[in-house]
Amino acid sequence: MRASALAELGQASDGGELDAWRVKYLGRKGQLTAILRGLSSLPVEERRTVGAAANQLRGALEEQLQARTDELRNASSPKAERLDVTLPGRRGNRGGLHPVTQTIRDITDAFAAMGFQTVEGPDVEWEQYNFDALNIPPGHPARDMQDTFWLDAPESDANGSMLLKTQTSPMQIRMMEKTEPPIRIVSPGRCFRHEATDATHEWQFFQVEVLAVDEGISFADMKGTLYEFARRIFGPDRRVRFRVDFFPFVEPGAEMAIDCFRCGGDGCRTCSGSGWIEIMGAGMVHPKVLEGVGYDSEKYTGFAAGMGVERIAMLRHGIDDVRLFAAGDLRFLSQF
Ligand SMILES: [Zn+2]
């Protein structure tokens, strides 16, 4: 009876069939009930064994009935978990590179293609490397233009005090100190200035420094290299313009601009109506800087250039507020 009852229960597929099964075995006129009723007609010695077995079977059948009832109820519930293998898969959230990181890679790739090696320097720098060795001695007005985060160093030494680097130029000195020409490096890094923030200023930002030193490097080499860079980043039709500018560690110094890639030079908002967009400062390395690291400035010449990474990214993507880069807003970041 146990075997046939359990087999039939497994076949029951709805409430009506379960009820019929219950009546057949456990109901008032059911098969098991009939056995229990008939106990009194058995000899005394058999009554105990048969009674115990029948009661045990009744408990087991009631338990199985409940289990099968629950099973059928869950299967028909809308909440039931079902596997539909025809549904398309769910796309996971994948991260991407920050637009500043992408821009740094594009810049360093453009220079790498011209034989420049990428090197990185420390964020915490000595006064000597950030200023003095770059021909910016104490009291020089250029220091006032870079509101500096000075650090409480335990002891200032021959290199001066410590600070958060205000520019990537210290890496020029560090590379020249430890290597002999020829040098061709590009050095991206984070810079810090104690400035109020607005749409074009942040207190921390990225720069990329460029340095080439060798025998016989001329201003024409600088123009050719930077021109090629501009074409790689802003498109092969770009024209460039160099105008005199001042940076203490170069002589002569220049500001490089490209013709506006939005309006083609007619004048628009991106280029402030001038048709030109300034993208970096550059110049021939000052002889004092070369001599400061022990190079013979009669034998070696070189050029240096520096640019703001956020500015390049803003120009390329038409972004109008530098503060968006560090705001951590995925609605902005996920566009890149
Ligand atoms: Zn324009």
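Q: How many bridges join strand E9 to E10, and do they run parallel or antiparallel?
A: This is a predicted model, to say that up front. In it, four bridges join E9 (residues 276-285) to E10, and the two strands run antiparallel.

Q: Which residue stands opposite Phe-303 in E10?
A: That's Met-284.

Q: What about E6 and E10, parallel or antiparallel?
A: Antiparallel, with nine bridges between E6 and E10 (residues 300-308). If you want a spot to look at, find Asp-214, which stands opposite Thr-301 in E10.

Q: OK, zoom out for me. What's the strand order in the seven-stranded sheet?
A: The order is E1-E5-E6-E10-E9-E8-E7. The sheet is open and its pairing is mixed.

Q: Which strands sit at the edges?
A: E1 (117-118) and E7 (240-245), each of which pairs on one side only.

Q: And how does E1 pair with E5, parallel or antiparallel?
A: Parallel, through two bridges to E5 (residues 183-192). Thr-118 has Val-186 in E5 as its bridge partner.

Q: Which helix packs on that sheet?
A: H9 (residues 219-234) does, touching E7, E8 (250-259), E9 and E10. The direction of H9 makes about 150° with that of E9.

Q: What holds strands of a sheet together, in general?
A: Backbone hydrogen bonds pair them, in either a parallel or an antiparallel way.

Q: Now the three-stranded sheet. What's the order there?
A: E2-E4-E3, an open sheet with antiparallel pairing. Its edge strands are E2 (124-126) and E3 (150-151), each pairing on one side only.

Q: How many bridges between E2 and E4?
A: Three, in the antiparallel sense, with E4 covering residues 162-164. One place to check is Val-124, whose bridge partner in E4 is Leu-164.

Q: Switching to helices: at what angle do H2 and H4 pack?
A: About 180°, with the axes of H2 (residues 15-26) and H4 (residues 44-76) 11 Å apart. The cut-off for roughly antiparallel is an angle over 145 degrees, so H2 and H4 count as roughly antiparallel to each other.

Q: Which residues meet there?
A: From H2 you have Leu-18, Trp-21, Arg-22, Tyr-25 and Leu-26. They meet Arg-58, Leu-61, Glu-62, Leu-65, Arg-68, Thr-69 and Leu-72 in H4. By class, the residues of this contact are seven nonpolar, one polar and four charged.

Q: Pockets next. What's the volume of the second largest one?
A: About 190 Å³ for the second largest pocket. It has 13 lining residues, and the closest to its centre are Val-100, Phe-206, Glu-310, Phe-325 and Ala-326.

Q: Which elements supply at least two residues of that lining?
A: Helix H5 (99-112) and strand E6 (204-215) each do.

Q: What's the mix of residue classes in the lining?
A: Seven nonpolar, three polar and three charged.

Q: Last topic, backbone oddities. Where is Pro-182, and is the peptide bond leading into it from Pro-181 cis or trans?
A: Pro-182 is in the loop between helix H8 (170-178) and E5. The bond from Pro-181 to Pro-182 is cis, with omega near 5°. The bond from Glu-251 to Pro-252 is cis too, with omega near 0°, and Pro-252 lies in strand E8.

Q: What about Asn-135, is its phi positive or negative?
A: Positive, about 65°, although Asn-135 is not a glycine. You'll find Asn-135 in the loop between helix H6 (127-130) and helix H7 (141-144).

Methods. Residues numbered from 1 in each chain as written. Predicted model: local features only at pLDDT ≥ 70, side-chain atom pairs only at ≥ 80, totals over all residues. Heavy atoms only, no water. 1 Å grid on protein atoms, 1.4 Å probe; cavity = no way out; pocket = protein on both sides within 12 Å on 5 of 7 lines; lining within 4 Å. Points joined across faces, edges and corners; volume = space filled by probe spheres on them. Nonpolar A, V, L, I, M, F, W, Y, C, P; charged D, E, K, R; others polar. Axes fitted to C-alpha atoms, helices over the stretch in contact; angles between N-to-C directions. Parallel < 35°, antiparallel > 145°, perpendicular 65-115°, else oblique. Contact = heavy atoms within 4.5 Å. Pairing = 2+ DSSP bridges.
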